[in-house]
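Visitor: I have a model open on my screen and would like to go through it with you. Could you take my questions one at a time?

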Amino acid sequence: MSIFLHELRFYRRNTAIWTASLCAGTALLFSMFPAFAGNTQALEDVLRNYPDVVQKAFGLSPETIGTVPGFYSFIVTFLMLCGAVQAISLGISVLSKEIAGKTADFLLTRPLTRGRVLTAKLLAVLCCVAATSAVSIGATFAMAFSVKDAAFDLGPFVLMALSFFWVQLIFLALGFLIGAAAPKIRSVLPISLSTVFGLFIVGMVAAALDQKDLYYLSPFKYFDTVGILQTSAYQTSFVVTAAAVTALAVCAGYAVYGRRDIQAA
Amino acid sequence: MSIVEVNHLKKYYGKSRGIEDVTFSIEEGEIFGFIGPNGAGKSTTIRTLLALIRPTAGSATIFGLDCIRNAPQIARRVGYLPSEVFYYDGMRVLELLKYSASFYRRDCAARIRELADALDLDLKKKIEDLSFGNRKKVGIVQAILHEPGLIILDEPTAGLDPLMQQRFFELLRAENRKGATVLFSSHVLSEVRKLCNRVAIIKEGRIVNVDTISALQDNGYKKITLEAKGAVSQAEYALEGVTSLTVQGNLVTFLYQGGVNALLHMLAERELINVTIEEPDLEEIFLHYYR
C-alpha cells in the first residue's frame, strides 16, 4: 500500500499537468468547430481537392467533418497521440526510475515479492492514466455540447471518447514492458516519443494504403474512428487484439522483471 | 543453526565472472567478515543473498530459507546497507525512514529518533541536500531500524569520518549483543579486525580461506627482518618456508612458515648485524593470499 501511495504522490504533479494540457488542447480544438460547421460546403470542396491518400491517412471524411462526431473523429486522433505519450512515459518511468536513480536496491530488499512491488506500481500509474482519461473525456463532452449546432448521435461519440482511454491503457502496458525489460533508461521521453510516433505513422501509412491487415500493427487503429463513425461499433477482432496486446505486455513485464538481475549501482 | 549458508554459489553475467564457487556459513551471533579486493565477488555474493540477482548455480539459505524463493520472508528480518546509498532525492530523511519502516509492520518512530541522535543525523533535510557521509547515515538507520536478525553490510564505512565510523561500530556491536548476526564485507582489514570474529577471504570468485581472526594471525608465520654484513643476493634466502622476500642492499625481510630451529640454524650460518622476529600484521598475511 505504501508503494502505491508513494508513486501516486510522485506522479500527482506530472498527471495534473498532462490532464490540464489535454483539457486545454480539447477546448482549443473544439473551439475551431464553428468555423468548420459554418462553411460545410466550402470545406467539403477544399477537402475533396486533397489527394485520396491524404484524406485516408488523416481519417478525414468531407461528408461528416461539419458534424460534431465527424469533427471529433478527426481531432481525437491528436488527443490520443498526446494521451499515448503520457501513458507510455508513465509505464516506462514507474519502473525505470528505480534503476536509473539506483533506488531499486532499496525497494527490492523490502519484504515484498517483486510481483507485489509491480502490482502496486502498475495500479498507481493506472490511477494516473484513468484520472487523466476521465477528466479529459469529461472536458470533451462539455466542449462538444457547448459547440454543437445541432443534435448528434451520441453512440459513436461515446465510443470514440472511450477509445482515448483504451489507447492509453495499451500504451501504459507497452511502457510497463519496456520499463521492465530495458537495462537502464536515463531519459524516458525520447523512447516514449519515438515509440508512439512510430506506431502512429505505421497506422497512418496503413490507412493511406487501405491495408486493413496492417492496422493490427498500430494500436491507434484498433479503435479506428472512421469505422466507428460509420458503424457505431468497435470491430471485434481489433478489440480482442487490443485486449491481448495489453494483457501480454503486462504479463511479459511481470515475467521479465520477476527474474531480472538488479545490477549494482 | 547457521544463519547464513552459502553452497557452491556461482554467478556469471553472460560470459563474465561474478563469482565462481563460494561456500561458507555464518553462525548465529557472529560478526562475520567478508574480505577481498575490488572485483573479487563480494558484492555479487551479497546481492545474490538479497535476491537482487539470481545465481547461475548453487544455492544459499538465510534463517534456513532459500534466499531466492523465500526472499520476502527473509527480507523481513534482514537489514542491508550497500556501499553506495541512493534514495529518493525529493524526500526528506524522516519521510524516507518512515517509508522504509512502513514495510515492516511495526512502529519505528522512537527508534528512528534514537538512531538519528546517535549518528547526528538531521531528519528534516532533503535527501538530495545531504552529503555522501550523511546519506550513509540514513542508510545505517534504514538498515537497522527494524531490528533485523541479520545485518548485511557491503563495504559500509566509505564516506564516514573516523568518529562516525566508531559510533557506527558501536551501534553494530549493540545490535550484535541483542542477538543480531552481522555479515560485513570490506577490503579494509583494520576495520575487519576491529569488528569481526571470523572472516572469509575471497579471491577471483572463490573462497580461499575461512578462519577466525586470531587463527589467521596465529598460523605460524613469522616476519623476519635481517641486517647482513655487506650486500646479499635474493638467491641466498630463497629457501623453503620463505615467502614475500625482499632484499634491499644488506636489508632483508621475509615471511617464514616452518620450524623455528630450522630458521635459527639457517640464520646462524650467516654473517648478520641485526635480526628481529615478529608476528606479521594481518595485512601481510592477506597480501600473502593474493600473491
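Visitor: In which helix of chain B is B:Glu191 found?

Guide: Happy to start there, with a word on the ground rules. This is a predicted model, in which local features need pLDDT of at least 70, side-chain atom pairs count only at pLDDT 80 or more, and totals for chains, interfaces and linings use all residues. Residues are numbered from 1 along each chain as its sequence is written, chains are lettered from A and ligands numbered from 1 in the order in which they are written, and side-chain values use heavy atoms, with hydrogens and water left out. Helices (DSSP runs of H or I, at least four residues) and strands (E, at least two) are numbered from the N terminus, and B:Glu191 is found in helix α7 (residues 189–195) of chain B.

Visitor: Which side chain of opposite charge is nearest to B:Glu191?

Guide: Lys and Arg count as positive and Asp and Glu as negative, while His and the chain ends are not counted. A salt bridge needs a side-chain nitrogen of Lys or Arg within 4 Å of a carboxyl oxygen of Asp or Glu. B:Glu191 is buried (under 20% relative accessible area; exposed is over 50% and partly exposed in between, with a 1.4 Å probe and protein chains only), yet B:Glu191 has no salt bridge. The nearest side chain of opposite charge, 6.8 Å away, is B:Lys194.

Visitor: Leaving aside neighbours within four places in sequence, which residues is B:Glu191 in contact with?

Guide: Contact here means heavy atoms within 4.5 Å. With those sequence neighbours set aside, the partners of B:Glu191 are B:Thr157, B:Gln165, B:Phe169, B:Phe184 and B:Ser186.

Visitor: Which residue of chain B meets A:Asp261 in a salt bridge?

Guide: The closest N to O distance in this pair is 2.5 Å. The pair crosses between chains, from the segment after α11 of chain A to strand β1 (residues 2–13) of chain B. The chain B partner is buried, at a relative accessible area of 6%, and its name is B:Lys11.

Visitor: How many residues apart are B:Asp89 and B:Arg135?

Guide: These two form a salt bridge, with their closest N and O atoms 3.9 Å apart. B:Asp89 lies in the loop between β6 (78–81) and α3 (93–101) of chain B, and B:Arg135 in helix α5 (residues 132–144). B:Asp89 is partly exposed at 36%, whereas B:Arg135 is buried at 16%. The pair links distant parts of the chain, and the separation is 46 residues.

Visitor: Is B:Arg69, the salt-bridge partner of B:Asp66, buried or exposed?

Guide: The side chains of B:Asp66 and B:Arg69 meet at 3.6 Å, N to O. B:Asp66 has 18% relative accessibility and counts as buried. B:Arg69 has 68%, so B:Arg69 counts as exposed.

Visitor: How many residues of helix α1 of chain B are buried?

Guide: This helix covers residues 42–49 and is mostly covered. Among its buried residues are B:Lys42, B:Ile46, B:Arg47 and B:Leu49. Of its 8 residues, the buried number is 7.

Visitor: What is the phi of B:Ala51?

Guide: B:Ala51 sits in the loop between α1 and β4 (57–62) of chain B and is buried, at 13% relative accessibility. Although B:Ala51 is not a glycine, its phi is positive, at about 65°.

Visitor: And in which strand is B:Ser244 found?

Guide: B:Ser244 is a residue other than glycine with a positive phi, near 50°. At 28% relative accessibility it counts as partly exposed. Its strand, residues 242–248 of chain B, is β12.

Visitor: What span does helix α11 of chain A reach from its first C-alpha to its last?

Guide: Helix α11 of chain A runs over residues 236–259 and has 24 residues. The expected span is 1.5 Å times one less than the number of residues, which gives 34 Å here. Its buried residues include A:Phe238, A:Ala242 and A:Tyr257, and their cover includes α5 (68–100) and α7 (114–147) of chain A. Close to expectation, the helix reaches 35 Å.

Visitor: What share of the residues in chain B is buried?

Guide: Chain B has 10 helices and 14 strands, and its C-alpha trace spans about 70 × 40 × 35 Å along its principal axes. Of its 291 residues, the buried share is 48%.
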